[in-house]
Amino acid sequence: MSPLGEILRRRIAQNGPISIADYMAECLMHPQHGYYTTRPVFGVAGDFTTAPEISQMFGELLGLSLAQCWIDQGQPDRFILAEAGPGRGTLMADILRATANIPGFHDGAEIHLIEVSKRLRKVQRATLQGHDVTWLDTIDALPDAPLFLVANEFFDALPIRQFTRDARGWREHQIGLDNDDLVLGLSAPAPIGLLDHRLDDTTPGDIVEVCPAAGPIIAQIANRISTSGGAALIVDYGEPRSLGDTFQAVAEHQPVGVLENPGQADLSAHVDFENLTKAAHGVSVSDLVPQGVLLERLGIAQRAQHLAANLTGAALESHVAAHRRLTHPDEMGTLFKAIAVFPNDLLPPPGFTHDA
Ligand code: SAH
């Protein structure tokens, strides 16, 4: 068993079963043995690939949408350009390159990255060389100013709790021990206030997940946007509403068991977009849009054609494949979805709609 597996096994033997949220938090962020704190993670050599690592077009188009919001809001002189969970820093680098010629945008942008992993901060520093960057552990540490923020595959990495409904209430999925092995089990049934709103659309046997950290994070983003202006573009894989078991582990681009080698596989869960939307007070939230549709509205076809003009052979083939991968419904186009958070009484950012 991995070193973190040993630590967890001892903890459970002493104190009893832990929730999936505790398990996820330890596996991803344990200071010595956590996945994000120790592993190279992204890209072909890592365990999984994200949209900005697939093609520069993703960050360019999101960056231009954000910059258009900044223009529409009167080009505030000083503003926060932020990313939550920036990974290797590729998305922010693409945003900065695409917006370099927009007069005043870089001059006013104070770049802030919200990143807990010290290892990834170093990678981000190298990727963003030449830019003045401030790193923060949490969103609430952001200074007060108009906030233009992106978050791609950030919310799926936040710990979730998982429950199965039964005739007497909800049973939480927990991690306990069977002899010396980590095993999944269920707590005794109890009413869970957090899930009262799911009593009408679920029946016994259904599994529902909640991400306790997501609501407060969205509430902080919304609070800044409602008081100082700005916009947030949030992209992730998920559904309008959580239903079913989506807790998953990936290592070397393959699904693996969630309890195998703790700390050595990426753990994530689908995002419940309704929960994000409900926690955004004092602002408007766009309709949920599939990633493929969003990128098409933002002009990915034209951008792809323009880039293709300079490519031949294998480079052209991989560019065409990347375009397809980002947008096609069988690839990331439908599973990945986006919402935008923006001030009340304004139009949504380019690419988004808002049915009032
Ligand atoms: N957005 C990047 C990386 C996604 S992976 C991309 O699209 O390629 C998730 C990122 O969120 C990593 O950088 C991870 O270290 C960071 N992260 C995870 N949980 C976090 C938390 N609670 N606070 C801040 N950053 C977190």
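## Cavities, pockets and packing in a predicted model

Strand 9 (207–210), strand 14 (271–272) and helix 10 (273–279) each contribute at least two residues to the lining of the largest cavity. Here helices (H or I, at least four residues) and strands (E, at least two) are DSSP runs, numbered from the N terminus. The model is predicted, so to speak of local features requires pLDDT of at least 70, side-chain atom pairs count only at pLDDT 80 or more, and totals for chains, interfaces and linings use all residues. Residues are numbered from 1 along each chain as its sequence is written, and side-chain values use heavy atoms, with hydrogens and water left out.

A cavity is a set of points, on a 1 Å grid over the protein atoms alone, where a 1.4 Å probe fits but cannot get out, while a pocket is an open set with protein on both sides within 12 Å along at least five of seven lines; lining residues have an atom within 4 Å of a point. Grid points are joined across faces, edges and corners, and a volume is the space filled by probe spheres set on the points.

By this rule there are three cavities of 30 Å³ or more, and the largest cavity has a volume of about 110 Å³. It is lined by 15 residues, of which Ile160, Cys211, His270, Val271 and Asp272 are the closest to its centre.

The table sets out the linings by class, where Ala, Val, Leu, Ile, Met, Phe, Trp, Tyr, Cys and Pro count as nonpolar, Asp, Glu, Lys and Arg as charged, and the others, Gly among them, as polar.

| Lining | Nonpolar | Polar | Charged |
|---|---|---|---|
| Largest cavity | nine residues | three residues | three residues |
| Largest pocket | 25 residues | 13 residues | twelve residues |
| Second largest pocket | eight residues | three residues | one residue |

The largest pocket holds about 960 Å³ of space, and among its 50 lining residues Tyr36, Phe48, Glu153, Asp156 and Ala157 lie nearest its centre. The largest share of this lining, four residues, comes from helix 2.

The second largest pocket holds about 190 Å³ of space, and its lining residues include Leu194, His197, Cys211 and Lys278. Helix 10 gives the most to this lining, with four residues.

Helix packing is a further topic. Helix 12 (residues 300–308) and helix 13 (residues 313–327) pack at an angle of about 170°, with their axes 10 Å apart; axes are lines fitted to C-alpha atoms, for helices over the stretch in contact, and angles run from 0 to 180 degrees between N-to-C directions. That makes helix 12 roughly antiparallel to helix 13, since angles under 35 degrees count as roughly parallel, over 145 as roughly antiparallel, 65 to 115 as roughly perpendicular and the rest as oblique. In this contact (heavy atoms within 4.5 Å), Ile300, Ala301, Ala304, Leu307 and Ala308 of helix 12 meet Leu316, His319, His323, Leu326 and Thr327 of helix 13. The contact residues divide into seven nonpolar, three polar and no charged.

The structure also holds 16 salt bridges, each a side-chain nitrogen of Lys or Arg within 4 Å of a carboxyl oxygen of Asp or Glu. In one of them the side chains of glutamate 26 and arginine 11 meet at 3.0 Å, N to O. Because glutamate 26 lies in helix 2 and arginine 11 in helix 1 (residues 3–15), the pair ties together parts that are 15 residues apart in sequence.
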